[in-house]
Amino acid sequence: MTVTDATDETVLRVTNPATGELLTALPAVSARQVAEAAERAQRVFESGSWSRLPPRERASVLLRLADLMERDAEALARLDSEDAGKPITECRTGDVPGAIESIRWFAEAADKLFGRLAPTGPDHLGLISREPVGVVAAILPWNYPLAMAAWKVGPALAAGNCLLLKPAEATPRSALHLARLATEAGLPEGVLTVLPGHGPVAGAALARDPLVGALSFTGSTATGRRILTDAAQTNFKRVSLEMGGKSPQILMADALGFGDELIDNMIEAAFLTMGQNCTAGSRVLVHQDIAEEVLARFVAAAKSLVVGDPCEPETRIGPLISHAARDRVAAAVDAAAAAGAHIHTAGLPGGLPGAGAYYPPTVVTGAPVASDVLTQELFGPVVTVQTFTTEAEAIRLANATEYGLAASVWTRDLDTALRLSRDVQAGVVSVNAYSEGDISTPFGGWKQSGFGGAEKSTAAFAQWTREKTIWIRTR
Ligand code: NAD
């Protein structure tokens, strides 16, 4: 097989977005290979080697996997950093420990999933059991490769399923490493199959496969729509979609009282993973009374972020995932500027790796209503700032998007915080912080950000299990 043709759909070329260096070229999984993997997974599921193992024993294997991930934490961090251009410090302190915690948390939950007993009369017993779906699939994005894998591998395997996992084209290596560690931990062959392949080929084959009973997708809203259509046109597999966002950060007039903490959180919300983050707080909505000071401090902080080689520990801003992504972001910002918006940006430092897809942290004010920077998920280090004077106006601006993934609210006033939290249309609202909660809290979007079930917490098991009623006549 040739590995030189970048457009060849039989090859996956993984390049470092910071340098343009080819990291690896893998054979890309074909639709036929997806079907074969599903058939193999079905046989393994039916054998009961994993699905009928006492949950406590499944937990032991997954706990060993978490220990092995801990052993290989640095290697895993490097794989995601090189493949996705993510700053290594983010991978070391966020993605990898989060992924380990996730596998451990779901392992520990494996033997704590109880069924229910219905409140019947004396002549019957209504048992409601919770069972694995069977062969299930997950399709991943490139922005949090290992972390998103762990959110899906943990509950899917803890519940007893056989999982087919398709990483994004750009970032397959940490998932492949995870699968090797799972084998080392004692997971039976065929329970976790990683299928590195192209979305329209391997991803679409998973969405259409008749043996796949449930599919959990994280990625863009456009792809989510296609997957739902494919599932509807084939076997009606259960689909859950975690998709894009355009999340607001609402700053009430008293928010400056939080001092540097406010600005630090705003920066993290806006620029973590270069803004290529589904929950990125990409729309700052600030009360008119504090707008001038907030803008000055926020822009100064954005300009001070260290842009550079993602391998360096002090780097906060690496490259975007590709030149095409960088060009899309630049085009939206240029269009806003042409329409009269003001662009606050530091420019890029010299000495960056030449072939990298870098774009500087950028703040946009005065963007015209309905411009792409205000309405589209740009997936880059670009934040708009808008002002409001009343709470009602803040809510109207916050909800003026087709997305509903996350939001943050900053105020010292508890009543205001509660009112805003209730009225913002989002699956996760954080108050006086930028946060998605921890592994014990459900995570999922509203509106066109999500569909079909949450990730994290025991709520995640709804994606990966199905209930059965067993009705017994007792006399
Ligand atoms: P994407 O939709 O382009 O790709 C996601 C995955 O879908 C990839 O594995 C890709 O190969 C696959 N795919 C592409 N076409 C397909 C098809 N026709 N059928 C089946 N699979 C197909 O998204 P991306 O660019 O990798 O990731 C960025 C997006 O992910 C952003 O919109 C971001 O907001 C979203 N995201 C959401 C969450 C969340 O939890 N809500 C988390 C991370 C990222």
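**Exercise 1.** Place I470 in the structure and state which nonpolar patch it belongs to.

Solution. I470 sits in strand 20; strands are DSSP runs of E with at least two residues, helices runs of H or I with at least four, numbered from the N terminus. This is a predicted model, in which local features need pLDDT of at least 70, side-chain atom pairs count only at pLDDT 80 or more, and totals for chains, interfaces and linings use all residues. Residues are numbered from 1 along each chain as its sequence is written, and side-chain values use heavy atoms, leaving out hydrogens and water.

I470 has a relative accessible area of 34% and is partly exposed (buried is under 20%, exposed over 50%, partly exposed in between; 1.4 Å probe, protein chains only). With L117, L125, L127 and I472, I470 forms a nonpolar patch on the surface. Strand 4 (124–132) and strand 20 (465–473) each supply at least two of the patch residues.

**Exercise 2.** Describe the salt bridge between R116 and E467.

Solution. A salt bridge is a side-chain nitrogen of Lys or Arg within 4 Å of a carboxyl oxygen of Asp or Glu. Between R116 and E467 the N to O distance is 2.8 Å. R116 lies in strand 3 (residues 116–117) and E467 in strand 20, 351 residues apart. R116 is partly exposed at 47%, and E467 is partly exposed at 45%.

**Exercise 3.** Are K152 and E455 buried or exposed?

Solution. K152 and E455 meet in a salt bridge of 2.6 Å, N to O. K152 is in helix 5, while E455 is in the loop between strand 19 (450–451) and helix 15 (461–464). K152 is buried, at 0% relative accessible area; E455 is buried too, at 1%.

Note on methods
Patches are made of residues with over 30% relative accessible area and no salt bridge: like charges are joined within 9 Å, nonpolar side chains (Val, Leu, Ile, Met, Phe, Trp, Tyr) within 5 Å. Accessible areas come from the Shrake-Rupley method with a 1.4 Å probe; for residues, only the protein chains shown count as cover.
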